[in-house]
Amino acid sequence: MNVTGENELAAAAAAAAECVGVGVADAVLVVYNDEQRVIAEALAAAARPRARTLRLLCFAALSRHGEEPPVEVAEAMAAADVVFAPTSFSLTQTQARMQATS
């Protein structure tokens, strides 16, 4: 990635952290697949100075949208206040996401 791309990615990640409202009381989790490592690291860098804690958790890419993530990922999502999920396939329609946001 070139410098311009890195700057744009950093700005986008900062905007995401700002829009979500990451604050000093928040435990932030970034779950990702290796293919999205650069995005995950940018989100983590943007959230780190705003959050109480930050955890990056990489897991193997799933096979389709809506497939449940591994138990470790689901449990981490449920324990976090804020979850960023730059993954190959969407976790939006999973029980793990629904339990994490209930």
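Which elements make a right-handed β-α-β unit here? Let's look through some close-up views of this predicted model to find out.

**View 1. Strand E1, helix H2 and strand E2 make a right-handed β-α-β unit.** The helix of this unit, H2, covers residues 37-47. Strand E1 spans residues 27-32, and its pairing with E2 is parallel, over six bridges. To find one spot along this pairing, look for Val-28, which stands opposite Leu-54 in E2.

**View 2. Three parallel strands form an open sheet in the order E2-E1-E3.** At the edges stand E2 (53-58) and E3 (82-84); each has a single partner strand, so one side of each is left without a neighbour in the sheet. On average, neighbouring strands of this sheet are turned by 20 degrees against each other, direction ignored. Helix H3, residues 71-79, packs on the sheet and touches E1, E2 and E3. The direction of H3 makes about 160 degrees with that of E2. Turning to the pairing of E1 with E3, you can find three bridges, and these two strands run parallel. Here Val-28 stands opposite Val-82 in E3.

**View 3. Strand E1 has both faces covered.** Are the residues of E1 buried or exposed? Six of the six are buried, so E1 is largely enclosed by the rest of the structure. On one side you will meet Ala-27, Leu-29 and Val-31, and on the other Val-28, Val-30 and Tyr-32.

**View 4. The largest nonpolar core holds 16 residues.** The members that touch the most other members are Ala-13, Val-22, Val-28, Val-30, Ala-47, Val-82 and Phe-84. Helix H1 (3-20), E1, H2 and E3 each supply at least two residues of this core. Which of the elements gives the most? That is H2, with six residues. Here is some background for this view: in soluble globular proteins, nonpolar side chains tend to be buried together.

**View 5. Phe-84 is in contact with residues from several parts of the chain, among them Ala-16, Val-28 and Leu-43.** Neighbours within four places in sequence are left aside here. The other contacts of Phe-84 are Ala-17, Val-20, Val-22, Leu-29, Val-30, Val-31 and Ala-47. A second, separate core has eleven residues, including Leu-57, Ala-76, Met-77 and Leu-91.

Terms used:
Residues numbered from 1 in each chain as written. Predicted model: local features only at pLDDT ≥ 70, side-chain atom pairs only at ≥ 80, totals over all residues. Heavy atoms only, no water. Pairing = 2+ DSSP bridges. Helix = DSSP H or I, 4+ residues; strand = E, 2+ residues; numbered from the N terminus. Axes fitted to C-alpha atoms, helices over the stretch in contact; angles between N-to-C directions. Contact = heavy atoms within 4.5 Å. Buried < 20%, exposed > 50% of the residue type's maximum accessible area, 1.4 Å probe, protein only. Right-handed = clockwise from strand over helix to strand, strands pointing away. Core = buried A, V, L, I, M, F, W, Y, C linked by side-chain atoms within 4.5 Å.
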